[in-house]
Amino acid sequence: MSNLYHRKTSRMDFFLEERRNVILIRQKWKYNWLTLSGTSQWNYQEKKTFHQKADQIIWQEWGGHFKMRVSGKSDFAKQHANTIFTLNFDILWELTNPHWVVNVTKIPKNKFKRSNVIWGKHEINLDTEDVNVNNRIRAGKTYKQYPVSHEYGHSSGNVPQNVNHWDEYRSVSNYVSDRKSMMNIGHDLRERHIDYIITQLNLLIPNTSFTYAVKP
């Protein structure tokens, strides 16, 4: 018999679909649609397009890259000792009871506005350029990144309150030289980027622990 395991938290929900060996991490976003001087007011199609782009980027850049195993004393762990589970990620446009309030500011094309995640306030601050690829040049090499993917990494637990790695481009970071990293200026995932998620997965099913099976 196939079961669906579900755990709610204040910042994301966890679903494990036993039949398909898939774990879905879902965040519910409630948007505030803001503008800078010189830009037009948001219309519905623009809002829909932004959300669809953000969801697609997060699904593609985060989903399917992490593979997990289980161990422990539970019947579930024993039954799935040789099973590989795939992590997927998505966001829902939510009007009530969100995990995150997401402030999206419309800015002129090719302009810059700093984006961030405020973990304690359940707040994400983005702009319209964050769903477009950002090219950064360091030592003659170009690194590509979708800013929305980087900020999603913070909303998934890569913040000072949870782990000892967050903005890896900081000069004091142990990973400042890993420029290809998603939490630096690139778009590659690392095992450490789901450290917090694993701590939450380990609360999903009693007496069951999740560990990495395959590197991203």
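Begin by selecting Lys180, which lies in the loop between helix H3 (147-155) and helix H4 (195-201). The model on display is a predicted one. Lys180 counts as exposed, because its relative accessible area is 52% and the cut-off for that class is over 50%.

Next, add Arg138, Lys141 and Arg179 to the selection. Together with Lys180, these residues form a positive surface patch.

**Salt bridges in the model**

Side chains of opposite charge can pair when their charged atoms come close. How many salt bridges does the count come to? The count comes to eight, and the following stops visit several of them.

Select Glu17 and Arg19. A salt bridge joins their side chains, with an N to O distance of 3.3 Å. Is Arg19 buried or exposed? Arg19 is exposed, at 60% relative accessibility. Glu17 is partly exposed, and its relative accessible area is 24%.

**From strand E3 to strand E5**

Move to Asp90, a residue of strand E5 (residues 85-93). Asp90 is classed as buried because its relative accessible area is 8%, and buried means under 20%. Now show the side chain of Arg26 as well. Arg26 and Asp90 meet in a salt bridge of 3.0 Å, N to O. This pair links distant parts of the chain: Arg26 belongs to strand E3 (residues 22-35) and Asp90 to strand E5, 64 residues apart. A polar contact of 3.0 Å is also listed between the side chains of Asp90 and Arg26. Arg26 itself is partly exposed, at 22% relative accessibility.

**From helix H1 to strand E6**

Select Glu46 and Lys106 for the next stop. Their side chains form a salt bridge, with 2.9 Å from N to O. Which elements does this pair link? Glu46 is in helix H1 (residues 44-62) and Lys106 is in strand E6 (residues 100-106), so the two distant parts of the chain that they link are 60 residues apart. Glu46 is partly exposed, with a relative accessibility of 29%. Lys106, by contrast, is buried, with a relative accessible area of 9%.

**A network to finish**

For the final stop, select Glu168, Asp178, Arg190 and Arg192 together. What links these residues? A network of salt bridges links Glu168, Asp178, Arg190 and Arg192. To close the tour, return to Lys180 in its loop between helix H3 and helix H4, and view it once more with Arg138, Lys141 and Arg179 as part of the positive surface patch.

Definitions and conventions
Residues numbered from 1 in each chain as written. Predicted model: local features only at pLDDT ≥ 70, side-chain atom pairs only at ≥ 80, totals over all residues. Heavy atoms only, no water. Patch = residues over 30% accessible without salt bridge, like charges linked within 9 Å, V, L, I, M, F, W, Y side chains within 5 Å. Areas by Shrake-Rupley, 256 points an atom, 1.4 Å probe, with all protein chains shown as cover. Salt bridge = Lys/Arg side-chain N within 4 Å of Asp/Glu carboxyl O. Lys, Arg positive; Asp, Glu negative; His and termini not counted. Charge placed at Lys NZ, Arg CZ, Asp CG, Glu CD. Helix = DSSP H or I, 4+ residues; strand = E, 2+ residues; numbered from the N terminus. Buried < 20%, exposed > 50% of the residue type's maximum accessible area, 1.4 Å probe, protein only. Polar contact = N/O pair within 3.5 Å; in protein donor to acceptor, adjacent residues only side chain to side chain.
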